[in-house]
Amino acid sequence: MLTCSKLIAGGRGLAAALVKRAPTVELDWDVRQKSRFDATDSTGCALGVFLPRGTLVRGGDVLVLEDGSLVRVLAAPQAVLRITACADHGSAFDLTRAAYHLGNRHVPIELKPDHLKIEPDHVLADMLRAMHMTVVAVQEAFEPEGGAYSSQGHSHGHGHSHAHGHAHTHEHTAQGHDTQVHGHVHGPHCKHDH
């Protein structure tokens with residue numbers, strides 16, 4: 001058994017050809033959220049993974065084994081619920097509302113522009129259907145958000161870091177009305193003239 005105590009997030013800094021040729025290990029979310037686990041890679045090699053506590057392993061990450069060899073992690077398809085807004089009378093805001101209610105229940109959730117994914121839970125599925133969401137059981141990879149206080153520096157889907165020399169105040173104005181100054185969000189029931 002080879003041991004691994006190092007992970008390269010997304011394979012950053014490694015040559016693409018090197019990562020592509022590396023053996024793979026396919027892991028579901030239950031395993032990838034653990035910092036210590038055993039696995040077998042695509043060549044049949046047994047692995048003992050011992051990462052720092054709190055490390056989340058994501059699809060596309062690369063494990064560095066004790067002998068210097070690399071193993072690319074694949075997010076295994078698993079049972080998940082795919083949640084979308086009702087095509088007939090829903091809106092993108094419905095996804096935001098669903099994410100809010102799931103977040104209040106501290107449910108691991110994968111956020112996409114057009115859908116959400118959670119692990120199967122019939123109570124939550126019933127709640128979402130009562131909110132007029134479409135809920136479908138599928139077998140797909142699951143990459144839930146790490147949370148604002150995640151100890152791992154993954155930024156899947158964000159596309160850039162904020163250490164590039166300018167401030168991000170995200171002030172939004174409409175006809176001279178600054179929403180940041182007033183400290184509230186303009187929603188669908190906002191009575192301001194915009």
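**Exercise 1. Two sides of helix H3**

Ala92 and Tyr100 are exposed on one side of H3; in this predicted model, find which residues of H3 are buried, and work out why they count as lying on the same side.

*Solution.*
- Step 1. Begin with the buried residues of H3, which are Asp94, Leu95, Ala98 and Leu102.
- Step 2. Look at how they spread around the helix axis. They cover an arc of only 100°, so they sit on the same side of H3.
- Step 3. Now return to Ala92 and Tyr100, the exposed residues, which are on the other side of H3.
- Step 4. Ask what lies over the buried residues of H3. The cover includes S7, S8, S9, H4 and S10.

**Exercise 2. Checking the length of H3**

Compare the span expected for the 13 residues of H3 with the distance between its end C-alpha atoms.

*Solution.*
- Step 1. Take 1.5 Å a residue, multiplied by one less than the number of residues. For the 13 residues of H3, the span should be 18 Å.
- Step 2. In the model, the end C-alpha atoms of H3 are 19 Å apart, which agrees.

**Exercise 3. Helix H4 from end to end**

Describe what caps the N-terminal end of H4, which residues of H4 are buried, and which residue just after H4 takes a positive phi.

*Solution.*
- Step 1. Start at the N-terminal end, where Asp121 is the cap of H4: one of its side-chain oxygens lies 2.9 Å from the backbone nitrogen of Val123.
- Step 2. Move along H4, which covers residues 122-130; Leu124, Ala125, Met127 and Leu128 are its buried residues. Their arc around the axis is only 160°, so they are on the same side of H4.
- Step 3. Turn to the face of H4 that points away from the buried side. His122, Val123 and Ala130 are the exposed residues there.
- Step 4. Look for the cover over the buried residues of H4. It includes strand S7 (78-85), helix H3 (92-104), strand S9 (116-118) and strand S10 (133-140).
- Step 5. Finish just past the helix, where His132 has a positive phi of about 65°, although His132 is not a glycine. His132 belongs to the loop between H4 and S10.

**Exercise 4. The sheet beside H4**

Give the order of the four strands in the open sheet, and say how many bridges join S7 and S10.

*Solution.*
- Step 1. Read off the order, S8-S9-S7-S10, with antiparallel pairing.
- Step 2. Find the edges. These are strand S8 (109-111) and S10, each of which pairs on one side only.
- Step 3. Follow the twist, which averages 25° from one strand to the next.
- Step 4. Focus on S7 and S10, an antiparallel pair with eight bridges. As an example, Ala79 has Gln139 in S10 as its bridge partner.
- Step 5. Add the helix: H4 packs on the sheet and touches S7, S9 and S10, and its direction makes about 140° with that of S10.

**Exercise 5. Buried or exposed?**

Decide whether Thr24 is buried or exposed, then do the same for His106.

*Solution.*
- Step 1. Recall the cut-offs: buried is under 20% relative accessible area, and exposed is over 50%.
- Step 2. Thr24 has a relative accessible area of 17%, so Thr24 is buried. Thr24 is in strand S2 (residues 24-27), and leaving out residues up to four places away in sequence, it touches Asp41, Ser42, Val71, Arg72 and Leu74.
- Step 3. His106 has a relative accessible area of 71%, so His106 is exposed. His106 is in the loop between H3 and S8, and has a positive phi of about 55° although it is not a glycine.

Notes
Residues numbered from 1 in each chain as written. Predicted model: local features only at pLDDT ≥ 70, side-chain atom pairs only at ≥ 80, totals over all residues. Heavy atoms only, no water. Buried < 20%, exposed > 50% of the residue type's maximum accessible area, 1.4 Å probe, protein only. Contact = heavy atoms within 4.5 Å. Arc of directions from axis to C-beta. Polar contact = N/O pair within 3.5 Å; in protein donor to acceptor, adjacent residues only side chain to side chain. Pairing = 2+ DSSP bridges. Axes fitted to C-alpha atoms, helices over the stretch in contact; angles between N-to-C directions.
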